[in-house]
Amino acid sequence: MTLTTGLAGSAFISKALETAGNLANDAAEVISATAGRGARPGSGYTPYDWVTDTDHTLERHTRRVLAREFPGVPVIGEELSWAGPDSSDRPELFWTVDPVDGAANYVAGLPWCSYSLALVDRQGPLVGVIADPYRGQIYAAARGRGMRANGAPIHLPLGGMPLAGGIICTELPDASRWAG
């Protein structure tokens with residue numbers, strides 16, 4: 001699929017949003033039903049990088065659905081293939097999925113994880129969905145169409161949200177200490 005034939009129409013973006021939303025709903029149900037089961041330390045880059053049966057199941061399901069609905073559009077997944085395209089051979093269009101984003105929390109049964117899926121083109125994210133299974137929220141956005149939470153428009157204040165009093169979390173890409 002090329003950008004000129006596939007992305008020019010809003011029908012393509014609508015289909016991508018609908019498919020991604022359906023996958024996010026599926027994932028929210030699976031994550032809620034399986035939290036804390038089938039986990040083992042992964043072969044990732046940190047001792048905190050967990051891999052679960054749920055990760056693998058959701059990523060396989062996502063790949064099957066996307067291959068059927070968007071043939072020829074590659075899928076880059078965190079669990080089954082994490083070899084993100086570099087700038088020299090990056091495809092015009094690809095999906096990227098993290099089936100259980102926040103797996104350490106999921107493994108511990110903490111209600112702070114999500115399913116993350118995006119359709120990316122050469123300009124950046126085109127469509128994105130995040131499922132927050134514990135709050136029953138599906139967040140969706142598409143370039144030029146704004147954001148929604150469970151179908152209702154989200155409007156952010158001009159100038160963004162203040163960070164004062166907020167919590168920002170991340171994990172370091174290796175087991176070293178943060179130099180900051």
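**Exercises on burial, core and surface**

Threonine 19 has 9% relative accessibility and therefore counts as buried, where buried means under 20% relative accessible area, exposed over 50% and partly exposed in between, with a 1.4 Å probe and protein chains only. The model is predicted, so that local features need pLDDT of at least 70 and side-chain atom pairs count only at pLDDT 80 or more, while totals for chains, interfaces and linings use all residues. Residues are numbered from 1 along each chain as its sequence is written, and side-chain values use heavy atoms, with hydrogens and water left out.

**Exercise 1.** Locate threonine 19 and list the residues it touches.

*Solution.* Begin with the element: threonine 19 lies in helix 2 (residues 10–34), helices being DSSP runs of H or I with at least four residues, strands runs of E with at least two, numbered from the N terminus. Then take the contacts (heavy atoms within 4.5 Å): not counting residues up to four places away in sequence, threonine 19 touches Val65, Leu66, Glu69 and Phe70.

**Exercise 2.** Check the length of helix 2 against its expected span.

*Solution.* The expected span is 1.5 Å times one less than the number of residues. For the 25 residues of helix 2 this should give 36 Å, and because the end C-alpha atoms are 36 Å apart, the two agree.

**Exercise 3.** Classify methionine 161 by accessibility and place it in the chain.

*Solution.* First, methionine 161 lies in the segment after strand 9 (152–154). Next, its relative accessibility is 55%, and therefore methionine 161 counts as exposed.
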